[in-house]
Amino acid sequence: MTEHRPFAGLDRRQFLRRAAALAAAAGSTSMLGACATSGGGGPTSTTPKPAASADAKNPFGVDPKAPLDVVIFKGGFSDEYAKYHEEMYKKKYPQAKVSHLGTQEITAQLQPRFVNGTPPDVIDNSGAQDLDTATLVNQGQLTDLGEWLDAPSWDSPDKKVKDTVIDGTFAPLTFDGKVFGLPYAFNINGLWHDAKLFRDNEWEVPKTWDDLMALGEQTKAKGLPLWTYQGQYPTYMLTVFHAMVQKHGGKEVMKNIDNLEDGAWQQSAVSDVAEAFFELKSKGYILPGTASLSHTQAQAAWLQRKAAIIPCGSWLKSEMKSQVPADFEMTIAPTPSMDDSDEFPFEAIPNAPQESFIVPSKAKNVPGGLEYLRLMLSNEAAQKFAELTFTLTVVDGAHDSQAQDPVLKSSLAALEAARKIEQLDSTTYGTWYRPLAEEAEAAMGVLLTGNLDAKGFLARVQKKADAVKQSNIKKFTR
């Protein structure tokens, strides 16, 4: 999403991982470490204290007069959907004053409030400057959503909140078996192309790496670079890398990386994909100047047909809708297979929930924050989100009857094909270990545009992984 998205789940830290953090010593980990007002020894369960008598229609005991403070990441999805959700809240609690802040400066806006013990009641913790979720969890700053999961759903008191969402929804925000947030948007990550351009030139969607390299020769003959990407934010390419590694080597390969196993970045499947990425650069198939482009600049160049392919997630049209040419047919496809030995077929495509909504444990109106998350999982709220953002939510069945935008149809077709086979696992090291994620992003940028070769890339990231493993950072496994 704009300033965001890594892959939800598959690298569940936002794509626009702050560019400055890749070079500046004052990275986001140190900033977020200052968020806590007191230390903590691990995930802390915080049970909200009801402000009134709880019942099926008010399971958290919301005080109907209590103000609600909402902060939304205003990125590719904008924040109009949140304003609609807030109106739904006010309709139920007309005496409650709802304050709204839409911003891309999540850390800058909220770090002082966490330090002062006055965080908002609900936060859309997304974007390049999102708060480090693992740090907040470890320091007891977030509300454990265990009771929320078992509460009656907004639409039906006979159904629990946890039963209204698709399987795996909460995996990206689960720590030691406890859920600390709601990933709301259902994202698909892949390679986008203009179906009209491909059709006019009789180009085929590449299903293998060799196919992709052959397409590069075809586009080059037409004077068109094969590839561009969001150069200032190499995480977009890291998500492609993660998908190809797992498809090529299997789930155990990425699991070893997430679990900080010795030599995980030196596994043969990882090396094979790194060599392929180096070939993409070496053959000159990347649009010149890509390294200096922001996410929107690169996407605009692609929409101007200055490159044939760009990686991105489901939010692409929402982010760029004002710049899409009338005859441009935005279409998503999976990453190519390395070769016939791949553990997963071509159709495997990363799909996972993202856009993390959290309720701080020290918020003034924790019950109201939980109620807001509950209403977000109603059919009405989910359908309005999809209508405004061209992106699905995690609410099971909510979008079956909605008219579908052509981009949404493309995404659903890719998703339908993927669901016929075993699903790729979500990558978690990006959530668990922010320093490792930032080093991997920085190294990816140099691999694609600098003087680093595949072996140098792997050695650099492995060195950081070893340092994280040996540090006192709390470790997680999956």
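**Helix packing, a buried strand and salt bridges**

Helix H10 (residues 268–282) and helix H17 (residues 434–449) cross at roughly 45 degrees, with axes that come within 8 Å. An angle like that falls outside the parallel, antiparallel and perpendicular ranges, so H10 and H17 are oblique to each other. On the H10 side, the residues that make the contact are Ala274, Phe277, Phe278 and Lys281. They meet Met444, Val446, Leu447, Leu448 and Thr449 of H17. Sorted by class, this H10–H17 contact comes to seven nonpolar residues, one polar residue and one charged residue. As with everything described here, the helix pair comes from a predicted model.

Stepping back to the whole chain, the secondary structure adds up to 18 helices and 11 strands. Of the 478 residues in the protein chain, 61% are buried. Among contacts with a separation of 6 or more, 78% are between residues 24 or more positions apart.

Strand E10 (residues 351–358) is a good place to look at burial. Eight of its eight residues are buried, so E10 is largely enclosed by the rest of the structure. Two of its pairings can be spelled out. Strand E3 (residues 122–125) runs antiparallel to E10 and is joined to it by three bridges; here Asn125 has Ser356 as its bridge partner in E10. Strand E6 (residues 182–188) is also antiparallel to E10, this time with six bridges. Within that pairing, Phe186 is partnered with Pro353 of E10.

Next come the charged pairs. Side chains of opposite charge can pair when their charged atoms come close. The structure holds 21 salt bridges in total, and a few of them are worth walking through.

One of them joins Glu87 and Lys90, whose side chains meet with an N to O distance of 3.0 Å. Both sit in helix H2 (residues 80–92), and because they are three residues apart there, about one helical turn separates Glu87 from Lys90. Glu87 has a relative accessibility of 47%, so it counts as partly exposed. Lys90, at 29%, also counts as partly exposed.

Helix H6 (residues 195–201) holds another such pair. Asp200 and Lys196 form a salt bridge at 2.8 Å, N to O. The two residues are four apart in H6, about one turn of the helix. Lys196 has a relative accessible area of 25%, which means that it is partly exposed.

Loop residues take part too. In the salt bridge between Asp150 and Lys162, the closest N and O atoms are 2.8 Å apart. Asp150 and Lys162 are 12 residues apart, and each lies in the loop between helix H5 (146–149) and strand E4 (174–175). Asp150 has a relative accessibility of 38%, within the range from 20% to 50%, and therefore counts as partly exposed. Lys162 is likewise partly exposed, with a relative accessible area of 38%.

Returning to the H6 pair, the Asp200–Lys196 salt bridge can be set beside a group of linked salt bridges. Lys251, Asp258, Glu422, Asp425 and Arg478 are joined into one network by salt bridges that share partners.

Terms used. Residues numbered from 1 in each chain as written. Predicted model: local features only at pLDDT ≥ 70, side-chain atom pairs only at ≥ 80, totals over all residues. Heavy atoms only, no water. Salt bridge = Lys/Arg side-chain N within 4 Å of Asp/Glu carboxyl O. Buried < 20%, exposed > 50% of the residue type's maximum accessible area, 1.4 Å probe, protein only. Axes fitted to C-alpha atoms, helices over the stretch in contact; angles between N-to-C directions. Parallel < 35°, antiparallel > 145°, perpendicular 65-115°, else oblique. Contact = heavy atoms within 4.5 Å. Nonpolar A, V, L, I, M, F, W, Y, C, P; charged D, E, K, R; others polar. Pairing = 2+ DSSP bridges.
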